Every structure is written in C-alpha cells, then in structure tokens.
Amino acid sequence: MRSFLAKLCLLVCMLAPAAHAQDDTSPDQAKALALEYNKRMNKMLSAGSTPADVDNLFALYSDDFVYNHPGQGDVYDTQYLYNNSVKYAKAGHFDGSYQQQITRMIVGKNGVVLEWVVPGSDGSTRMTLIETRADKIIHIKEFW
C-alpha cells in the first residue's frame, strides 16, 4: 500500500506542472490578447456602441475576471462591470471621446503592461497591467 501511495504522489507531482503549463499564455498570445482588448475596448467606448460591443469585449474575460483600479479604490467582478457597461451603452453614454492609444508595451509570459494615452487629453500617460491565462484575460489592474 505504501508503495502505491508513493507512486501515486510521484505521478501527481509529475503531472501538476504539465497541467499548469496548459494555462500559460506565451508572450505572443498575451500581446495579441492585449491588442484585441484595446481594440474592443475602444469600440465599446465609441459613439453608437451597443450591448453587442460590450459582449464582444467581455468575451475576452475569464469567468473569474477581476478589474482593479487602486487609485480609485475600485475592485469589480465581471458581472458588475458587464451590467454597468451594458447600461451605459444602452443609454448612449459612450461618445468616443475616451479612446486608449497604446504608446508602449512590455510583454511577458501570462501578461502585458500597456502604457497609453487618451488623444486630445492633457497627454498624461496611463498604465494598465493585463494578466492572462490560456486565451482569456483574468485580471486588469489600472494605475492612473
């Protein structure tokens, strides 16, 4: 029995890293996700956006996605953000004046840091950390 348990533990230890590796996002995949996020976010924030644009953006997020903006004390889960985004799209609050233009990227395994500006604003840069798992965004943390 002891030999069986030792072999079982060894097998689990050998398979655990392989299972975790399936959740990894290569730097190229993380970059592609970040660029797609930026494109879809800007579309959602455009004048005339619809709930379908919100759905398109949120399709990039994992089920356990979390948005965090420490400077404003915001921590939101997917459902809260989704509901507010749909409400704003339906009410026509998105007018296209707030568009994210990426100025620099730092790309790594399982994540990307974006530096961006809002054209026509005061020119101050903003920073967003996008963490990924497999083909989804799991966490966005904004610093501005």
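These are my notebook entries on one predicted protein chain.

**Entry 1: confidence.** I started with how far to trust the model, since it is predicted. The chain has an average pLDDT of 87, and 85% of its residues reach at least 70. Which element scores lowest? I found that helix 1 (residues 2-21) does, with a mean pLDDT of 43, while helix 3 (residues 51-58) has the highest mean, 98. I then looked at residues 4-20, where pLDDT stays under 50. The model gives that stretch zero contacts beyond four places in sequence.

**Entry 2: the parts list.** I counted four helices and six strands. Going along the sequence, I wrote down the pattern α-α-α-β-β-α-β-β-β-β.

**Entry 3: strand 6 and its partners.** Next I followed strand 6 (residues 136-143). Strand 1 (residues 61-69) runs parallel to strand 6, and four bridges join the two. Strand 5 (residues 126-133) pairs with strand 6 in the antiparallel sense, over seven bridges. Which residue of strand 6 is the bridge partner of tyrosine 67? I found isoleucine 140. Looking across to strand 5, I saw that isoleucine 130 stands opposite isoleucine 140 as well.

**Entry 4: the turn.** Strands 5 and 6 form a hairpin with two residues between the strands. I checked alanine 134 there and noted a positive phi near 55 degrees.

**Entry 5: the whole chain.** I finished with some totals. Of the 144 residues, 33% are buried. The accessible surface is about 8,600 Å², and carbon and sulfur atoms account for 58% of that. Among contacts between residues at least 6 apart in sequence, 52% join residues at least 24 apart.

Conventions:
Residues are numbered from 1 along each chain as its sequence is written. This is a predicted model: local features need pLDDT of at least 70, side-chain atom pairs count only at pLDDT 80 or more; totals for chains, interfaces and linings use all residues. Side-chain values use heavy atoms; hydrogens and water are left out. Two strands pair if DSSP finds at least two bridges between them. pLDDT is the predictor's confidence in each residue, from 0 to 100. Contact means heavy atoms within 4.5 Å. Buried means under 20% relative accessible area, exposed over 50%, partly exposed in between (1.4 Å probe, protein chains only). Accessible areas come from the Shrake-Rupley method with a 1.4 Å probe; for residues, only the protein chains shown count as cover.
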